[in-house]
Amino acid sequence: MRQKRVAAIHDISGIGKCSLTVALPIISAAGIECSVLPTALLSTHTGGFKNIYIKDLTGSIMPIANHWKSEGFEFDAIYSGYLGSMEQVDLIKDCISVLKNEKTLVVVDPVMGDNGKLYQTFSPEFPYKMRELCALADIITPNITEACLMLSKKYQAPPYTKKYIEELLLELSEICKGTIVLTGVCLSNNQQGAAAYNSSDGKISFISCPRMAGIYHGTGDVFASTFVSGMVLGKGMEKSLKAAVEFTHLSIKNTAPNLPELWYGVNFEGVLPKLLQLLEE
Ligand code: PXL
C-alpha cells in the first residue's frame, strides 16, 4: 500500500506559524506525504503585522494541479485553507475536480476571520463566495466567526450554550452536506474545544479541554492539520477530533509561558513529538 498523501492548498507566510508552515510539519510528522500548493507568498501572516509583502500566486494554481494530475499523482485528501482572493475560490473548485478521485476526502477550512472579525485582506462578499467551496467539501472546519460570516449572523462572544452550537451546526449543514466541524467552541469560561455534526447519522459530538488565557494565533490551522491527519490515517471522526483538540491544547500550553513574544503563533514545534501518540490513542 502506498504512503498516504495530502494536497495542502494554503498560503505560505514566511513568518507567522500558520497555513503551510503549520500544515506541512504536522501532516509530515503524522507520517503522511504533504504535497503543497501555495496560493500566495506573504512575508508574514496578516493578523497583526504591518507593511506585509504579498505575492499573489493565482496564476500558478492550475498549472501545478494539472502537472500533478499529468504525473498520475493520487491524493487521499485535498485540504484547503487561506485563499488570496475571490477568484481563487473558483480555481480551488477546479483544482478539486482535477485532483479528486472517488476516495479523496475534501476538507475545506474556510479561513476568513477570528474573534468576530473578517481578516483585513478579505472583502465583505468573500464569506458568501466561500460557501460555494464548502458545498463541495466532505468536511468543513470553520471557527465560530467564520460560521457566523457564512451564515450572515451576528457574532456572539463566548461562552456559548450547547443549543446555540447545535443550531450553528445544523445551519452550516445546509451549506455543506458532509460533516461540519466547528472550532472555538467554548461552553464555559474555563473550557474550549470543538463540536462536530455528521449529516449521515445526525450525530453531534463535543470535545473540550481546559481553556488557557490569552489569544493564540494559528490554532485553527494546527487543529485542522491534525484533524486531517487523523482522518487520512483512518482514525475516524471521534478520534481525529479528540487528537486535534488535544494537540491544539498542548501547543497552546507550550506557548503560554512565552507570551507576549509568541503573540504571532503557537509553539506547536515543541510538542510535535507527541503528535503520533495522540493520533494512536
Ligand atoms: O491562520 C490563518 C491565516 C492563514 N494565512 C494568513 C493569515 C491567517 C490569519 O491571519 O493572515 C496569511
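These legends describe close-up views of a predicted model. Local features need pLDDT of at least 70, side-chain atom pairs count only at pLDDT 80 or more, and totals for chains, interfaces and linings use all residues. Residues are numbered from 1 along each chain as its sequence is written, and side-chain values use heavy atoms, with hydrogens and water left out.

**View 1. The ligand and its shell of 13 residues.** A residue belongs to the surroundings if one of its heavy atoms lies within 4 Å of the molecule. The closest are Asp 11, Thr 46, Tyr 82, His 217 and Asp 221. By class, the shell holds 5 nonpolar, 6 polar and 2 charged residues. Here Ala, Val, Leu, Ile, Met, Phe, Trp, Tyr, Cys and Pro count as nonpolar, Asp, Glu, Lys and Arg as charged, and the others, Gly among them, as polar.

**View 2. Polar contacts to ligand oxygen atoms, including one from Thr 46.** A polar contact is a pair of N or O atoms within 3.5 Å; within protein, one must be able to donate a hydrogen and the other to accept it, and residues adjacent in sequence count only if both atoms are side-chain atoms. Thr 46 places a polar side-chain atom 2.6 Å from an oxygen atom of the ligand. For Asp 221, the distance from a side-chain N or O atom to a ligand oxygen is 2.7 Å. For His 217, the corresponding distance is 3.2 Å. On its own the ligand has 320 Å² of accessible area, and the protein covers 98% of that. Accessible areas come from the Shrake-Rupley method with a 1.4 Å probe; for residues, only the protein chains shown count as cover.

**View 3. Thr 255 in the loop between α8 (236-253) and α9 (275-280).** Helices (H or I, at least four residues) and strands (E, at least two) are DSSP runs, numbered from the N terminus. Is Thr 255 buried or exposed? Thr 255 counts as buried because its relative accessibility is 0%. The cut-offs are under 20% relative accessible area for buried, over 50% for exposed, and in between for partly exposed (1.4 Å probe, protein chains only). The Thr 255 side chain reaches the backbone oxygen of Ser 251 at 2.6 Å. Contact means heavy atoms within 4.5 Å. Beyond neighbours within four places in sequence, Thr 255 is in contact with Tyr 216, Leu 262, Gly 265, Val 266 and Asn 267.

**View 4. Thr 226 in helix α7 (residues 219-232).** Thr 226 is buried, at 0% relative accessible area. Not counting residues up to four places away in sequence, Thr 226 touches Ile 26, Ala 243, Ala 244, Phe 247, Leu 275 and Leu 279.

**View 5. Ala 29 in helix α1 (residues 20-29).** Ala 29 is partly exposed, with a relative accessible area of 30%. With residues up to four places away in sequence left out, Ala 29 touches Leu 272, Leu 275 and Leu 276. Ile 52 is 23 residues from Ala 29 in sequence. In space, the two are 29 Å apart, C-alpha to C-alpha.

**View 6. Cysteines in a structure with 0 disulfides.** A disulfide is a covalent bond between the sulfur atoms of two cysteines. The cut-off used is a pair of cysteine sulfur atoms within 2.5 Å. Why is Cys 18 not bonded to Cys 34? The closest cysteine sulfur to that of Cys 18 is in Cys 34, and at 14 Å it is too far for a bond. Cys 18 is buried, with a relative accessible area of 5%. Cys 148 is also in no disulfide; the nearest cysteine sulfur, in Cys 186, is 14 Å away. Cys 148 counts as buried, at 2% relative accessibility.

**View 7. Two cis peptide bonds, before Pro 159 and before Pro 260.** Most residues other than glycine have a negative phi, and most peptide bonds are trans. Pro 158 and Pro 159 are joined by a cis bond with omega about 0 degrees. Pro 159 lies in the loop between α5 (144-150) and α6 (162-172). Leu 259 and Pro 260 are likewise joined in cis, with omega about 5 degrees. Pro 260 sits in the loop between α8 and α9.

**View 8. Positive phi at Asn 51 and Ser 152.** Asn 51 is not a glycine, yet its phi is about 50 degrees. Asn 51 is in the loop between β2 (33-44) and β3 (54-56), and is exposed, with a relative accessible area of 80%. Ser 152 has a phi near 50 degrees. Ser 152 lies in the loop between α5 and α6 and counts as exposed, at 63% relative accessibility.
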